[in-house]
Structures are given as structure tokens and as C-alpha cells.
Amino acid sequence: MSAYRDKDPRIHGIQSKIRVVPNFPKPGIMFQDITTLLLDPKAFKDTVDLFVERYKGKNISVVAGIEARGFIFGPPIALEIGAKFVPLRKPKKLPGRVISEEYELEYGRDCLEMHLGAVEPGEQALVVDDLIATGGTLCAAMKLLERVGADVVECACVIELPDLKGRERLNGKPLYVLLESH
Amino acid sequence: MHRALIFSSLNPIYSKLSTTTASPDSAVFPKRDGGWIGPPPVFRLQNYKRTLLPPLCSASDSVANQPKMASQDEQDPRISKISSAIRVIPNFPKPGIMFQDITTLLLDTKAFRDTIDLFVERYRGKDISVVAGIEARGFIFGPPIALAIGAKFVPMRKPNKLPGEVISEEYSLEYGTDIMEMHVGAVQAGERALIIDDLIATGGTLCAAIKLLERVGVHVVECACVIELPELKGRERLGDKPLFVLVSST
């Protein structure tokens, strides 16, 4: 499901603020840069509001945000819906006891970590990131939460790159995005 | 408009100055059977009497309108819960370092809300148009503040993370140097900015952020952190730039 398809009037303003930077981080990649969205207070607020309107009052007690751009969108949503914010981080950033989930990159592997004890069994969780591409990172995030017994209600991103079929990689978990980029 | 000073004559903080472990019902990661998940908190941040700084000038305040500085006995009642929600992890990332972990604060919805509110109350209506947040934990506190005060949020990042044109500032670490980057064009000369991070230690990172903003003609009004480690003298390293913190940890 996406707000883009629902044609919420705020979407156009949000979309127009996202900057595409060609050949970053390497040739051939058209990078979707959300930092320009953050420079427009109204568009940034609309972005957060669209998620908050969807998730408020739905008994979601956990918003998990993926380092680092998920840290920008996750906390404002968490604060508004009264949920805790749980950062999901690259290896060795979180102090204390963590659980780790390895996942595949285009070349090689990477790892996502979450604090042990941050989330309790039975909690309802959202996973937030700025963008879903192949879905590898979101998949790892969902697994971390499910391993501790949380129920991932939905994954939420500002942007989806549908050609990379990340939605299919989520094993049937719902995905909600504001915008698509082909 | 003068900000109301909140204080109580009976300061409940003094009864909580010890560093014993918290009782299970106020434990950081409680399990349903009353036990612990993860390491029990070895220490809590001591509740520290924070000197209330005079309210922040807006662009149009004159010196004559400044109220008197508050006395040392006043502390916002929200501070103690914020302080006790922060977990200290010994020997991370290396032996001898007592790491101030704010992730436990983020699990306490009221304390996280209060943290943001304390900054928002200070900075709202002061003509601040830029909140710059330092990667990565500054990304957690900066955006909610920016949204509430109607400012833009500008991420200050490690090298090669920001796409497009950037300016870079090198700064010293204990061993070696690191680099911080900001997007060209994110901020305009003459804008008034805040810099946010979770913690100030030596002040090196904040200093680099100040320089990046000043290089493009921005006026850095204040640096704001949740935690200060005063023994590392970061405040002095900021020179004439004011620093506002919620909690001090010695």
C-alpha cells in the first residue's frame, strides 16, 4: 500500500523535495536523497504526519529505526504514537548485550544489531527506514524483532524502488511507503 | 516572553544521589517474571544539580530585558527521570570508558518526550531556523526538536555518506583524526542554528560542527546535548559558544 497511490494531497509536496543524485555511491546508481526533504519543515512534518495518522491508536509499542536515516524518521513517529524507539545498528555500535542478524549485500555480507531486552515478546512493532531497495536490510530488521518474540505489524519507508522487488523479500509482511521511484 | 522557572523547595533529587542498582520494578529491561534481561544497570547517572542558564536570547532581545540568573537549587522535575533512564556501560568501547547509553532513555516514552520538550521549550520562538544533528545519535534528538520549533534539520555526517556536494572539516581524535561533512547549500548565511548531539565529551566533534556552519556564514546560537562529561572540559573547547545540557555526569 502506498500513499502515492492513495493520492494524499501532501504527497506531491514531499515528492518534489526529494533530490536524486546520479552515480552515487557508485556509477549507475540514482541515489534518492531525503536530506533536501528535511530542509523543508512543512514537507518533513507532512511526511511524519502521514505515518502517524496511519499508526496512532493501533497498539504499536515499538518503532524500530534502521541506522542511520531510519533514526531521522523513526523517533518523531515513535514520540507521536507513544511508542518506544529502538535503534537497529551496524555492528559494535550498541553497548551492552546485543543480538545480531547477518544479511547479504550485492557483494558480501553485513550485520544488523539490536539490544537484548529492548523489546519484549508480544509487543507490536513497526520497522522504519527512509527507503526500501532490495529489502535485505528490512528483512534483517524484521528477523531481529521476531527472534525476540515481537510481532512486526508493518514496514514503513518514505520511498520504495519497486523495480528491485524489495516488497517480495519481506515474506508477506506488509509494506507501506509514501512514494515510489522507478 | 520570560520562561517560567520550575522548581520545588523540597528537592526529591537528594534522596536519589546514590549509585546503587535500581529496584526491579524500575529496572531498565524488566522481564515478566521480575528478573533481568541484559546486564543490570551497574551505575546510574548521579542526579546533578544543573545550573539553570538564563533563557536564550532571540534575535530581538536586548541585554536590558534579560531576567536574573536562577539560583543553583532549581532543577526541572523532569530531569531526574531522564537522568535515571540513562544506562552506564563500563568498559565500552574500550577498558576504562564508562559509556553513557541513551538507548534506554528512548525506551521510556515519557522520559524521551520530556527530553525533547525541555529543548523545545528553550528554543521555540527564538528565530532558530536550523537544527544540525551529529551522526548518528544526534539524528535521534535533532529531528523531533526541529519539527517542533519549525526549523530545518541538517545532518552532519561521517565522510562519504552524504551524496552531492559537501564541505568537510577535519578534527582530532585521541589517536588520529576524523572528518565531518555537511551538504553545500543546506544552510544560508545569516541563519541561526542549534547543534544537537546526545553527549559532549572533549568537544571535538561539536567544535567541528560549529566550524562547518560558521564557514558558510551561519550563526551558531547554542550547542545542546542530553549529557555532559564536565571532567573532559568540552565546554571550554567550545570557546564563546554556549552549551546547554540536561544532565552532567561525573
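The questions below concern the cores, one strand pair and one helix crossing in a predicted model.

Q: Which residues have the most contacts inside the largest nonpolar core?
A: In general, nonpolar side chains tend to be buried together in soluble globular proteins. Here the largest nonpolar core has 71 residues, while a second, separate core of 30 residues includes A:Ala64, A:Leu112, A:Val119 and A:Val127. Inside the largest core, the residues with the most contacts are A:Val63, A:Phe73, A:Val158, A:Leu178, B:Val131 and B:Phe141.

Q: Is strand β6 of chain A largely enclosed by the rest of the structure or not, and how many of its residues are buried?
A: Buried means under 20% relative accessible area. Strand β6 of chain A spans residues 109-115 and is largely enclosed by the rest of the structure, because the number of its 7 residues that are buried is 5.

Q: Which residue in β6(A) does A:Glu102 stand opposite?
A: Strand β5 of chain A, residues 98-104, pairs with β6(A) in the antiparallel sense over 7 bridges. The hairpin of these strands has 4 residues between them, and A:Gly108 takes a positive phi near 95° there. Within β6(A), the residue opposite A:Glu102 is A:Cys111.

Q: What is the relative orientation of α4(A) and α5(A)?
A: The axes of helix α4 (residues 41-55) and helix α5 (residues 70-81) of chain A come within 9 Å and cross at roughly 50°. The contact is made by residues including A:Phe44 and A:Phe51 of α4(A) and A:Phe73 and A:Ile77 of α5(A). The crossing is right-handed, and its angle makes α4(A), relative to α5(A), oblique.

Definitions and conventions
Residues numbered from 1 in each chain as written. Chains lettered and ligands numbered in written order. Predicted model: local features only at pLDDT ≥ 70, side-chain atom pairs only at ≥ 80, totals over all residues. Heavy atoms only, no water. Core = buried A, V, L, I, M, F, W, Y, C linked by side-chain atoms within 4.5 Å. Buried < 20%, exposed > 50% of the residue type's maximum accessible area, 1.4 Å probe, protein only. Helix = DSSP H or I, 4+ residues; strand = E, 2+ residues; numbered from the N terminus. Pairing = 2+ DSSP bridges. Axes fitted to C-alpha atoms, helices over the stretch in contact; angles between N-to-C directions. Parallel < 35°, antiparallel > 145°, perpendicular 65-115°, else oblique. Left-handed = near helix turned anticlockwise from the far one by under 90°. Contact = heavy atoms within 4.5 Å.
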